[in-house]
4 protein chains.
Amino acid sequence: MSVEIKGLNEECGVFGIFGTPDASQLTYYGLHTLQHRGQEGAGIVSTDGKTLYQHRDRGLLAKVFADPAELKRLVGEAAIGHVRYGTSGHNSIANVQPFLFRFGDGDIALAHNGNLTNAVTLRQQLENEGAVFQSDSDTEILIHLIRKYINEGFIPALKKSLNLIHGGFAYLLLQKDRLIAALDPNGIRPLCIGRLANGAYVVASETCALDIIDAKFVRDVQPGELITIDQDGLHIDHYTRQTQLAICSMEYIYFARPDSIIHGVTVHNARKRMGKLLAKEHPVDADIVIGVPNSSLSAASGYAEESGLPYEMGLIKSQYVARTFIQPTQELRELGVHMKLSAVRGVVKGKRVAVVDDSIVRGTTSKQIVQMLRNAGASEVHLLIASPPFKFPCFYGIDVSTRSELMAAHYSVTAMCERVGADSLNFLSIDSLVKAIDVPDAGDAPNGGLTVAYFNGKYPTPLYDYEKGYLKSLNAQERLARKENVR
Amino acid sequence: MSVEIKGLNEECGVFGIFGTPDASQLTYYGLHTLQHRGQEGAGIVSTDGKTLYQHRDRGLLAKVFADPAELKRLVGEAAIGHVRYGTSGHNSIANVQPFLFRFGDGDIALAHNGNLTNAVTLRQQLENEGAVFQSDSDTEILIHLIRKYINEGFIPALKKSLNLIHGGFAYLLLQKDRLIAALDPNGIRPLCIGRLANGAYVVASETCALDIIDAKFVRDVQPGELITIDQDGLHIDHYTRQTQLAICSMEYIYFARPDSIIHGVTVHNARKRMGKLLAKEHPVDADIVIGVPNSSLSAASGYAEESGLPYEMGLIKSQYVARTFIQPTQELRELGVHMKLSAVRGVVKGKRVAVVDDSIVRGTTSKQIVQMLRNAGASEVHLLIASPPFKFPCFYGIDVSTRSELMAAHYSVTAMCERVGADSLNFLSIDSLVKAIDVPDAGDAPNGGLTVAYFNGKYPTPLYDYEKGYLKSLNAQERLARKENVR
Amino acid sequence: MSVEIKGLNEECGVFGIFGTPDASQLTYYGLHTLQHRGQEGAGIVSTDGKTLYQHRDRGLLAKVFADPAELKRLVGEAAIGHVRYGTSGHNSIANVQPFLFRFGDGDIALAHNGNLTNAVTLRQQLENEGAVFQSDSDTEILIHLIRKYINEGFIPALKKSLNLIHGGFAYLLLQKDRLIAALDPNGIRPLCIGRLANGAYVVASETCALDIIDAKFVRDVQPGELITIDQDGLHIDHYTRQTQLAICSMEYIYFARPDSIIHGVTVHNARKRMGKLLAKEHPVDADIVIGVPNSSLSAASGYAEESGLPYEMGLIKSQYVARTFIQPTQELRELGVHMKLSAVRGVVKGKRVAVVDDSIVRGTTSKQIVQMLRNAGASEVHLLIASPPFKFPCFYGIDVSTRSELMAAHYSVTAMCERVGADSLNFLSIDSLVKAIDVPDAGDAPNGGLTVAYFNGKYPTPLYDYEKGYLKSLNAQERLARKENVR
Amino acid sequence: MSVEIKGLNEECGVFGIFGTPDASQLTYYGLHTLQHRGQEGAGIVSTDGKTLYQHRDRGLLAKVFADPAELKRLVGEAAIGHVRYGTSGHNSIANVQPFLFRFGDGDIALAHNGNLTNAVTLRQQLENEGAVFQSDSDTEILIHLIRKYINEGFIPALKKSLNLIHGGFAYLLLQKDRLIAALDPNGIRPLCIGRLANGAYVVASETCALDIIDAKFVRDVQPGELITIDQDGLHIDHYTRQTQLAICSMEYIYFARPDSIIHGVTVHNARKRMGKLLAKEHPVDADIVIGVPNSSLSAASGYAEESGLPYEMGLIKSQYVARTFIQPTQELRELGVHMKLSAVRGVVKGKRVAVVDDSIVRGTTSKQIVQMLRNAGASEVHLLIASPPFKFPCFYGIDVSTRSELMAAHYSVTAMCERVGADSLNFLSIDSLVKAIDVPDAGDAPNGGLTVAYFNGKYPTPLYDYEKGYLKSLNAQERLARKENVR
């Protein structure tokens, strides 16, 4: 959740609801709990059964809907919403979802969480056939595919289209008379279904969005499923049967809210177990255990409990967003991170500190944290990471799609330890990670139903458009392994 | 720090700096860390040695200085700043500090944290003598008093004035060539001095504001002191010698940031000890210990450590501020608190939960928390309060100056337990509170150098303007005790 | 120009520039002078020869670019801009131009002034072939047509597309290496070319946009022309030779700025001549002549000059935009128009007033003006309209596309006079209108090269999608005439 | 009214109302029509008979009250409002009126139009006696004086205070149960009384503010009057009988709205007569007459009528406010004035143009207008000023209080003509100015009841604080004359 600190960003949260008054208002509340999945833009599209109404803009949800009139304008008993993390390229409002497409035969709104691996290829094909794209986003591709096959009927066209796109995706579509949800064949992104007391159905990225509106959890959407909700209720269908659960392990490690339950696993509990297993694998000689707020507090408390060391609040995070103005002097240079994190001098002074973090991406924050703790008087700083080294990029919706920025892709653990300036550095093993999460729905899927490609390079899908660039980024040994993997 | 949840509000944080370029920018950073002391307004006044420059407005610091040009306009090597919690009455910009008064013989800016007990009387006297007040704030009284005696010289007039006002106060004054700080004779509000590497001096409500700008802690301002900082450095003087430390215990319990060190005591550590002593006084038969984020997490971890029960994250707090629009349906009624706090179902379900909170003011939040935990499946909810029952109002700068709103003033602990719907309810004793904080500077001051009047009604100063109304609010027994106390 | 008063709205102004630093800034200045052509939205797209940069939003230009950083972001030596009047339907940002389409083979931006008569048909055809539209605007159709034929090359595809669309249109297209302008075969919307001292070319809806940036007028774009501006300069081509000038007469009567010169005619001069011919056709027995500010002042001064009556300022218009809050009392009901127009009591009191207005659309404003003058003491009010009765809708870009709202479509002049409460009401004849404008470029085009369909129902193009609804709106006699006209 | 063009700024408009629901809303409408008197800040204070409510901020009225909730908050049946032009010094919100002072014995709000000549002296005296000023404004002085004598009763204290201040002033005061208005002994600033149909009384700077709310004009406030409006109606009293009408002639020449009637003279009519007399005094050999919009159009039409030359629209003013961003290139340098004024090429090309302007202050705008007309093709440009040369500063509320900025103070008419680049330059004589305005209420007051000190240096009051600096600014001959004048 500490987006600004980590530099590791989820690309979106989605929420949909059908069959209740105040649909757009409930969507607003749902999106509020999903705000950690995207802070760059937000939007809602509602329908009153006749037409679709849209409002979206750049910025946090509360800013986008600062004028209550905007939400009131979104009338009707069904709605979908979206929070977005925008890639650096074109942070234009044109890319803020849900998209709304107006057709003579009926409007369609579309919201998407995930990333396609064959988007470039598909887009080029579609453009060659005359398609006009207005956004940079992958999301738009689906609608062009649907329209290409629309003569076969909407649902058949949608199913065909979903079989043509590859990668990780959770889609919500809204038409004037129904809400549709679809999940990729590996179930890489989380998506769950809930139900209000009044019978309305809800679909959301995380269960925390169900809780806030008192919706009862019904089930997780499964890989390859096509869910339709209309006047007649909930319909579960499949667009493909070639599926296998491989949910993104980073959802458990870092992204999801601790109170969310994904495929039966409470995120906080998984994290606490990661901390416990980390303590078993890597006990350290320290006086206290502290966590990096907020995402690593669960793991830190697990580490403390298992190790028997006191759990302390050695770092605190400001609740207030602050501007960092342009800094003319050297002294002010490093203030950025200080604005968000502070070491608690009275806790760490003179202590050997075991600091637990959930992951290391670029390593810059880790370095600053170690420095901050030493400045506050820590006699030793032992850095413990509650996940394996993040060596390989994500192509399914996390904003890390090149290896160059991943510290673990370029340095050994020893070298990393030296670079961040810690007295020791240790990571959780992949095996313990899988064991800590322990997805009940996994069946006999590899890696306990998880995508752990970020740690071992074994991706659950072909990489298509990314394959070539990815191969180039690998060293000789990794390249060889990759060739074996993709066979 | 969870202002919206508790309904217990500090009235202000102050920050001042003298002798460094970027004085206003450093003040901005300092105020950022003090934002928890006031979110209704913010302002900075700077000086370049010739004139004084002011910017202030209603709202959070980041909003007030959203346009970077506003901060750039505040040139010079000295500045004072203020964050404010506005009382409900007149949330006008006229009440946002620092105040700036322009005189033919030199401008003065003034920032204040605290509350006077003889303000009404003084104001009436001054008005009768022709004084014109523009704000509702007590703060303005000081400047009118100073001007009344200005012929005796500025510092003598200031000293005389400080002896005429009573209550709790920490003042910062800025003139074109010096920064002045003054603390009330009981040191009720915290105020500390720090120093930058370049020699500049800093005065701030809490040490966290020193840390963010890498200022080294020098010392706490002591009761009755008058501190002057100018080109020649730091000068420590007294305007009175009749002093005795009685710092507000609520600073340790609730208000101050956990990383701040007040009179030698790290706030987090004090809170953790409160939790530990609470566990000793009131052990409960529970499966897990959870805290109400963020202010009660320290106490909860202390309780867990002492009791040997697992410390879990059973409640989480949203990082994002959200609007609660007008709610037309019954279902949406209770959403307000949900927007800020969520129970972690996967943690509390089927568990006997010991939930630690720092205090109970009105009791409404406690009731909602208990309900929230039960809804999430907790089999028992034991509420443990890491401070004594809050029975008597504060007249020194906390926004609780009538008894009517204090639940503990009207109900026994048993009745309170029933009202909030908990399985058990227990409070820390005053003795344990004093022991947990254990102020080293206290000497032989009563209550270990703390003001604990909120719990026992024994105020360290006469109440003047408030005395009459206060007496009325007491029951027969309390009234009797009061009469003995004030003798 | 008095958009709010009249209820008659132009749909857009365009501006383009190629070959100069500060292209986007000059576009901003150009759009500023075209603001009277659209106040609902504004945007600019620039190019630095590599990529295209866009900023657009709802509201006035000054609001859209309130943050100077937005304009600075639009780097490069070429740009196009647009100001828009949004139809009531979907005032979404998605409809604010210029549109920006990103293709693998190069981005295209598009800005449009006008309206197509076969848009519905074309859009349906395109959608049936798989096209996905994101806006409601006609404008998008062109880009879909171009992409449909893109294999033939861009310019051939563009020419073919321009031959498929019908109605009134002035298009600007921006690619990374050129600026393209195209005008419909009847030249219904104005479009002119200018040149800066540094050799850069400018294309704009009106010459006032050339004047503000000191661009020298080069020529008007002629019907059916396709203008290309690139590194090699200006290229004039045609996409059709079947052309005949029929420029919208309402541009001269009401829309264009008085200082603009359209096809050789200064708008102020044309209006003054309308006033003079109106005085010849309809002399009235009055004491003074006044005009309705600002658009009718030219005609009023012409009327005064010709009639020999004194020209007075009997109505004044507020320079300031004001909010009209919801009005609870009867007295406040009529304040709306008062906020914009005021009668000058000291001028009109006791006088027989000849008030000249440019046109009557719905008649509500006329009624209010007559009332306002009587309240201010005018003894008689003679209303003189410097154009013929507005009886037939415009399908080429003016926001009056149904007859129902046109007063003159439903009432005789006598009945209109009674309804607006004037002592007399008279209109300019079509012949005099044509004579007053006297377009030098007209050649032997009917109506002196003007579209006067609003007054006589003879449209210069087939109405396609609108034909059926239009016929229905006519009375028997008009319907018969229509059938003859379209043969 | 063309504030930005002229660089000559009125300092304020005031409006008050007593005895009607929607008092604050009507005040809003009234202030809207007075917006030309001040664009830098606006505010309203209302009362419901118990307490006073205030809202004020920097910027235009529509911006200050952009949130309708702000106006709704200002409940009650009485209100005063203010629009302000801020002097360059301290454009702080602290200086935005109405000021609101809260006293134990009742709140007072205060709004002021004008300027005192002994403010510095009074302020220093008051400060020496202990007064604390929060604004830089003269306005605050009155309240301090009142409080000094408050023991004598409010009205006696007010009367005594009004006799101690000197200069030009129109004050409005609001208490919970009455509205008070006071005018200086020379009646330099305009102030009029109106009445609504429901019996409520209105006081405003100009009659245009009465018209917009359909208030009937009652009478002008006369010099030295003290008007009280309360539950019992209107009471007219005097604080002094030593009065003589000397209303500011610039109100007629430039500031007031053309539809306002001041002391019986409609401003437009006065201006038209100035134009006529100018034509008699200075006929020119020209083809057309044009005015500088908007303030000079009345005079220009008078000049045209008298001279028999055609009145044309040779300059037009943009209706839209525009930002002028920082301009990096030479070509953009001069765009500022172009954003506001444009020459109509088709009108002035090849013509000998007589351009009428109301006054010359610094001369920079005149120079730009002449240049603009020449660039548009004018063969000759004859500049005719409908007032005498502006040689002496105003100390009564116009933002020209030093001579250095006045072109006519330093150059002969011939030299001015050369500097602005005109073919000829002529001014109206003082005698003709007085004759053109012809105030019926003047009696035997000098200069027909007008202040013409700007043209002849004969001020109607002593200059007190300004005398010394003013004398320094004079040349030898003027200084001699001054000494005679003040005797």
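**Note on the predicted model: strands, cores and cysteines**

1. This note concerns a predicted model. In chain C, strand E2(C) and strand E3 (residues 52-58) pair in the antiparallel sense, with seven bridges between them. One matched position places Ser46(C) opposite Tyr53(C) of E3(C). Four residues separate E2(C) from E3(C) in the hairpin that they form, and within the turn Gly49(C) has a positive phi of about 90 degrees.

2. E2(C) also pairs with strand E4 (residues 78-84) of chain C; these two run antiparallel and are joined by seven bridges. Here Gly43(C) has His82(C) of E4(C) as its bridge partner.

3. Strand E2 (residues 41-47) of chain C is mostly covered, seven of its seven residues being buried. Side chains in a regular strand alternate between the two faces of the sheet. In E2(C), Gly41(C), Gly43(C), Val45(C) and Thr47(C) point one way, while Ala42(C), Ile44(C) and Ser46(C) point the other way; all are buried.

4. A second arrangement in chain C is an open sheet of four strands with parallel pairing, in the order E17-E20-E21-E22. Its edge strands are E17 (288-291) and E22 (424-427) of chain C, each of which pairs on one side only. From one strand to the next, the twist averages 20 degrees. E21(C) and E22(C) run parallel and are joined by four bridges, and Leu383(C) stands opposite Leu425(C) in E22(C).

5. Two helices deserve attention alongside this sheet. Helix H11 (residues 297-307) of chain C lies across E17, E20 (352-357) and E21 of chain C, and runs at about 165 degrees to E17(C). H15(C) lies across E21 and E22 of chain C, and its direction makes an angle of about 130 degrees with E22(C).

6. The loop between strand E21 (380-385) and helix H15 (413-420) of chain C contains Phe395(C). Is this residue buried or exposed? Phe395(C) has a relative accessible area of 2% and is therefore buried. Phe395(C) lies 200 residues from Arg195(C) in sequence, and their C-alpha atoms are 32 Å apart in space.

7. Turning to the nonpolar cores, the largest has 180 residues, and those with the most contacts inside it are Tyr252(A) and Tyr252(B). Apart from this core lies another, of 179 residues, which includes Tyr303(C), Ala442(C), Ile360(D) and Phe395(D).

8. Which residues does Tyr252(B) contact, leaving aside its neighbours within four places in sequence? The partners of Tyr252(B) include Ile247(B), Ile262(B), His263(B), Val265(B) and Val267(B). Also among them are Ala270(B), Arg271(B), Met274(B), Ile437(B), Val439(B) and Leu450(B).

9. How many disulfides does a search of the whole structure find? The count is zero over all chains. For Cys394(A), the closest cysteine sulfur belongs to Cys248(A); the two sulfurs are 5.6 Å apart, so they are too far for a bond, given that a disulfide requires sulfur atoms within 2.5 Å. Cys394(A) is buried, with a relative accessible area of 1%.

10. Cys12(D) is likewise in no disulfide, and the nearest cysteine sulfur, that of Cys394(D), is 12 Å away. The relative accessibility of Cys12(D) is 6%, so this residue counts as buried, the cut-off being under 20%.

Key
Residues are numbered from 1 along each chain as its sequence is written. Chains are lettered from A and ligands numbered from 1 in the order in which they are written. This is a predicted model: local features need pLDDT of at least 70, side-chain atom pairs count only at pLDDT 80 or more; totals for chains, interfaces and linings use all residues. Side-chain values use heavy atoms; hydrogens and water are left out. Buried means under 20% relative accessible area, exposed over 50%, partly exposed in between (1.4 Å probe, protein chains only). Two strands pair if DSSP finds at least two bridges between them. A nonpolar core is a set of buried Ala, Val, Leu, Ile, Met, Phe, Trp, Tyr and Cys residues joined through side-chain atoms within 4.5 Å. Contact means heavy atoms within 4.5 Å. Axes are lines fitted to C-alpha atoms, for helices over the stretch in contact, and angles run from 0 to 180 degrees between N-to-C directions.
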